[in-house]
Amino acid sequence: MAGKPVLHYFNGRGRMECIRWLLAAAGVEFEEKFIERPEDLEKLRKDGKLMFEQVPMVEIDGMILVQTRAILNYIATKYDLYGKDVKERALIDMYTEGIVDVTEMILQLILCPPDQKEAKISMIKDKTKNRYLPAFEKVLKSHGQDYLVGNRLTRVDIHLLELLLYIEELDSSLLAPFPLLKALKSRLSSLPNVKKFLQPGSQRKPPVDAKQIEEARKMFKFE
Ligand SMILES: N[C@@H](CCC(=O)N[C@@H](CS)C(=O)NCC(=O)O)C(=O)O
């Protein structure tokens, strides 16, 4: 039997947190090998484990996978979280890309120069409130099911839950005008695997320490 997947990334959310979320929601236990110093990343590169010299990297089922989307696609397919047919999959992909657009804006906020931060937060709040959350509320209303696509849990519900938690962290009032999204959030939060991952210590917290942010920026050459 294959061992647990091993996740290689730094001890932060970044591009790995959605992978952690999806594995956890599928009820898959995983191990983490944190990249703590530039040498850790260099070693993975020298060992030929990073196809494009980048992380996230996941060792799973005898494969070494890189590229966040490819990793998520594999997990979603393997654990039957990718819809029942090509049409459901098309919707899942479309909704997922919208979620990625907002999630990336929020995650990149920590790397934003202090003098631009306020303007960026206000732009993100505006887009979240007026563009993205209304779009997902509308999907739930017209679809009339407990989940975003089809009538069972798929990866996109998990991606959206992760995003809703980040949005609440940014401003807890943003979700207020969206009753169907709030109901989805509480339904998903009570699923046993999700509930377990919501326990303190399972998810990564945003870095608060300026030194930690600077180190990550240097190590990963963030612009
Ligand atoms: N398209 C890749 C991008 C990966 C990426 O940019 N990884 C960053 C860390 S979040 C990295 O390894 N940067 C180091 C470098 O590019 O040299 C993905 O989605 O996985």
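**A ligand site, some loops and some rings**

Q: Where does Gln 67 lie in this predicted model?
A: The model is predicted. Strand E4 covers residues 63-66, and helix H3 covers 68-78. Gln 67 lies in the loop between E4 and helix H3.

Q: Is Gln 67 buried, partly exposed or exposed?
A: Buried means under 20% relative accessible area, and exposed means over 50%. Gln 67 has 42% relative accessibility, so Gln 67 counts as partly exposed.

Q: What is phi of Gln 67 near?
A: Gln 67 is a residue other than glycine. Its phi is nevertheless positive. The value is near 80°.

Q: Which loop residue between E3 and E4 has a positive phi, and how accessible is it?
A: The residue is Asp 61, in the loop between E3 and strand E4. Its phi is near 50°. Partly exposed lies between 20% and 50%. Asp 61 counts as partly exposed because its relative accessibility is 30%.

Q: Which residue follows the cis peptide bond that starts at Val 55?
A: Omega of this bond is about 10°. The residue joined to Val 55 sits in the loop between helix H2 (38-46) and strand E3 (57-60). That residue is Pro 56.

Q: How far is a backbone N or O atom of Val 55 from a nitrogen atom of the ligand?
A: Nine residues surround the ligand. Val 55 is among the closest, with Tyr 9, Gln 54, Gln 67 and Thr 68. A backbone N or O atom of Val 55 reaches a ligand nitrogen at 2.7 Å.

Q: How much of the ligand's accessible area does the protein cover?
A: A polar side-chain atom of Thr 68 is 2.8 Å from a ligand oxygen. A side-chain N or O atom of Arg 15 is 3.1 Å from an oxygen of the ligand. On its own, the ligand has 510 Å² of accessible area, and the protein covers 82%.

Q: How many residues of the shell around the ligand are charged?
A: Four residues of the shell are nonpolar. Three are polar. The charged ones number two.

Q: How do the rings of Trp 21 and Phe 197 meet?
A: The count of aromatic pairs comes to three. In this one, the centres are 4.8 Å apart and the planes are at 75°. Planes over 60 degrees apart count as edge-to-face. The pair is therefore edge-to-face.

Q: How many residues apart are Trp 21 and Phe 197?
A: Both residues are buried. Trp 21 is in helix H1 (residues 17-25), and Phe 197 is in helix H8 (residues 192-197). The pair links distant parts of the chain, 176 residues apart.

Notes: Residues numbered from 1 in each chain as written. Predicted model: local features only at pLDDT ≥ 70, side-chain atom pairs only at ≥ 80, totals over all residues. Heavy atoms only, no water. Near = heavy atom within 4 Å. Polar contact = N/O pair within 3.5 Å; in protein donor to acceptor, adjacent residues only side chain to side chain. Areas by Shrake-Rupley, 256 points an atom, 1.4 Å probe, with all protein chains shown as cover. Nonpolar A, V, L, I, M, F, W, Y, C, P; charged D, E, K, R; others polar. Phe/Tyr/Trp six-rings, centres within 6.5 Å; stacked < 30°, edge-to-face > 60°. Helix = DSSP H or I, 4+ residues; strand = E, 2+ residues; numbered from the N terminus. Buried < 20%, exposed > 50% of the residue type's maximum accessible area, 1.4 Å probe, protein only.
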